[in-house]
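Grab the coordinates and work through these exercises with the structure open. Each one sets a task and then walks through a solution.

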Protein chains: 2
Amino acid sequence: MKTLGYAILGLLAQEELSGYDLMQRMKGRVGNFWSAGHSQIYPELARLEADGLVTHSVVKQQERPDKKVYETTPEGLKILREWVTEPPPANAPKDELVLKAYSVWLADPEKAAKLFRDEETKHKEQLSRYKETRSWMEHESGGDVLRPESPWFAGYAALRRGLIYEKGYVEWCRWVADSVEGKQDDSPKRKKKKVKKKGT
Amino acid sequence: MKTLGYAILGLLAQEELSGYDLMQRMKGRVGNFWSAGHSQIYPELARLEADGLVTHSVVKQQERPDKKVYETTPEGLKILREWVTEPPPANAPKDELVLKAYSVWLADPEKAAKLFRDEETKHKEQLSRYKETRSWMEHESGGDVLRPESPWFAGYAALRRGLIYEKGYVEWCRWVADSVEGKQDDSPKRKKKKVKKKGT
DNA sequence: GGTAGATATGTCAAGAGTGACATAATAAAT
DNA sequence: ATTTATTATGTCACTCTTGACATATCTACC
């Protein structure tokens with residue numbers, strides 16, 4: 001069983017979904033830390049069904065094309081439960097921007113500063129979206145986000161990872177951009193204060 | 001040109017290296033955010049050479065097998081310099097542990113707590129290694145780590161990403177483990193205080 | 001002499017992931 | 001009517017990545 005299979009089982013364990021639904025969940029929610037296109041999802045669903053881990057029923061719709069709605073089998077839930085507490089293989093994250101930072105000493109400082117400022121902005125925006133989602137979740141769940149035995153906890157935990165990740169990313173981008181522009185704080189250990197931007 | 005090619009060029013821009021050397025650099029340093037096995041590196045070097053971006057010379061050694069030492073060509077440096085300031089394609093990081101967190105509500109709480117405690121430990125250890133490397137770099141470079149036009153800056157920038165990444169990872173693992181054990185702080189916005197562990 | 005380990009370079013098959021191609025139903029707008 | 005967009009499902013070729021296989025030199029140890 002590959003990871004994508006467990007990702008699908010994890011989503012189906014919460015609610016019945018079609019392949020198309022799964023595709024949409026793979027952006028947002030889980031998708032922020034595990035994405036997949038529909039060209040991966042449909043074949044994987046077929047494999048899961050062949051292995052008896054999911055079943056599907058055809059739902060006829062008037063207002064849309066018919067769809068196949070999948071749900072986990074007891075066997076599927078069982079192997080998902082076992083997988084969850086298994087330690088994952090340690091593989092380093094791949095981040096092209098870090099690679100670019102590694103060669104930034106060769107680059108035109110102005111262009112480099114622009115790149116890292118732009119990336120900082122992107123990640124700030126992602127951070128804002130996460131914060132909105134957090135507020136929505138905390139309000140909507142009625143406190144269940146903090147109960148680890150509730151399905152609400154699932155999305156909340158992934159979201160918290162996203163919040164921390166993006167917060168760190170923004171901080172790093174700003175540091176690189178500041179450094180390239182010769183504005184960095186020489187003592188990185190001191191707590192940051194918000195610095196008011198002066199006009200150029 | 002694919003990313004691996006630029007990763008190799010980025011390393012060769014700092015020093016002449018053999019395929020074997022590159023393989024070792026791809027663990028540690030850059031490797032913490034872009035890894036590759038030798039089975040990728042050797043064919044990629046051949047491709048880069050065919051494209052005129054690197055050249056090699058055979059170095060005969062008495063104490064070891066002979067090796068091919070690669071260096072960038074002016075053309076190679078040029079395209080590397082251009083690539084550095086190009087915005088990278090936005091692709092979501094893949095993190096299997098976040099996926100497991102997503103389904104942790106199904107799992108045995110004790111096993112789940114152990115998993116996230118163990119991961120917390122792993123990332124704490126990685127954080128310690130990074131901190132040691134930082135001290136070494138700051139001392140060894142004579143302050144050049146903070147000069148963006150110095151090659152020292154390269155490794156230092158990647159390292160700082162690692163420090164922030166691991167710090168956030170540890171924080172998140174602890175939060176998940178605490179939550180699963182029913183020990184989490186109910187107001188996530190309050191600054192954390194160190195909590196002394198009581199005996200079970 | 002044998003063998004284990006690091007250095008050194010390569011190939012190959014299989015798996016995972018991406019992007020394009022392909023089809024079709026329905027709704028809404030033109 | 002025709003086009004466009006969304007929903008819905010699928011395949012295929014290509015690329016990227018991993019792990020196994022393969023070979024060879026030199027050192028160090030037994």
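## Exercise 1: the sheet in chain B

In β3(B), S18(B) has V69(B) as its bridge partner. Keep in mind that this is a predicted model. Your task: starting from that pair, work out which strands stand at the edges of the chain B sheet.

Step one: place the pair. Strand β1(B) is joined to β3 (residues 67-72) of chain B by 2 bridges, and the two run antiparallel.

Step two: look for β3(B)'s other partner. β2(B) is joined to β3(B) by 6 bridges, again antiparallel. Here S57(B) stands opposite V69(B). So V69(B) faces S18(B) and also S57(B).

Step three: write down the order. The result is an open sheet of 3 strands, β1-β3-β2 in chain B, with antiparallel pairing. Because β1 (17-18) and β2 (54-59) of chain B each have a single partner strand, they stand at the edges, and one side of each is left without a neighbour in the sheet.

Step four: add the helices. Helix α1 (residues 3-12) of chain B packs on the sheet and touches β1, β2 and β3 of chain B, with its direction at about 90 degrees to that of β3(B). Then there's α3(B), which packs on the sheet too, touching β2 and β3 of chain B at about 120 degrees to the direction of β2(B).

## Exercise 2: the sheet in chain A

Find the strand order in the chain A sheet, then say which helices pack on β2 and β3 of chain A.

Step one: the order. Chain A has an open sheet of 3 strands, ordered β1-β3-β2, with antiparallel pairing. Its edge strands are β1 (17-18) and β2 (54-59) of chain A, each pairing on one side only.

Step two: the bridges. There are 6 of them between β2(A) and β3 (residues 67-72) of chain A, an antiparallel pair. For a spot check, click on T55(A): its bridge partner in β3(A) is E71(A).

Step three: the helices. Helix α1 (residues 3-12) of chain A packs on the sheet, touching β1, β2 and β3 of chain A, and its direction makes about 90 degrees with that of β3(A). Helix α3 (residues 38-50) of chain A lies across β2 and β3 of chain A, at about 120 degrees to β2(A).

## Exercise 3: a helix pair

Decide how α6(A) and α7(A) are oriented relative to each other.

Step one: get the geometry. The two pack at an angle of about 155 degrees, with their axes 8 Å apart.

Step two: classify the angle. Angles over 145 degrees count as roughly antiparallel, therefore α6(A) and α7(A) are roughly antiparallel to each other.

Step three: check the handedness and composition. The crossing of α6(A) past α7(A) is left-handed. Their contact has 16 nonpolar, 5 polar and 8 charged residues.

## Exercise 4: where the chains meet

Work out which helix of chain A gives the most to the side that touches chain B.

Step one: size up the contact. It takes 61 residues from chain A and 61 residues from chain B.

Step two: list the contributors. In chain A, α1, α4 (74-84), α5 (96-102), α6 (109-140) and α7 (151-180) each supply at least two residues of the side touching chain B.

Step three: pick the top one. That's α7(A), with 16 residues. By class, this side of chain A has 37 nonpolar, 11 polar and 13 charged residues.

## Exercise 5: the DNA strands

Which residues come nearest to DNA strand C, and which are closest to DNA strand D?

Step one: strand C. Of the 24 residues around it, K2(A), S39(A), Y20(B), S39(B) and K67(B) come nearest. α3(B) gives the most to this surface, with 4 residues.

Step two: strand D. Here 24 residues surround the strand, and the closest are Y20(A), S39(A), K67(A), K2(B) and S39(B). The largest share of this surface, 4 residues, comes from α3(A).

Step three: the classes. The surface near DNA strand C divides into 7 nonpolar, 11 polar and 6 charged residues. For DNA strand D, the split is 7 nonpolar, 11 polar and 6 charged.

Notes: Residues are numbered from 1 along each chain as its sequence is written. Chains are lettered from A and ligands numbered from 1 in the order in which they are written. This is a predicted model: local features need pLDDT of at least 70, side-chain atom pairs count only at pLDDT 80 or more; totals for chains, interfaces and linings use all residues. Two strands pair if DSSP finds at least two bridges between them. Two residues are in contact if their C-beta atoms, placed from the backbone, lie within 7 Å. Axes are lines fitted to C-alpha atoms, for helices over the stretch in contact, and angles run from 0 to 180 degrees between N-to-C directions. Ala, Val, Leu, Ile, Met, Phe, Trp, Tyr, Cys and Pro count as nonpolar, Asp, Glu, Lys and Arg as charged, and the others, Gly among them, as polar. A residue is near a molecule or strand if its C-beta atom, placed from the backbone, lies within 6 Å of it. Angles under 35 degrees count as roughly parallel, over 145 as roughly antiparallel, 65 to 115 as roughly perpendicular and the rest as oblique. A crossing is left-handed if the near helix is turned anticlockwise from the far one by less than a right angle, and right-handed if clockwise.
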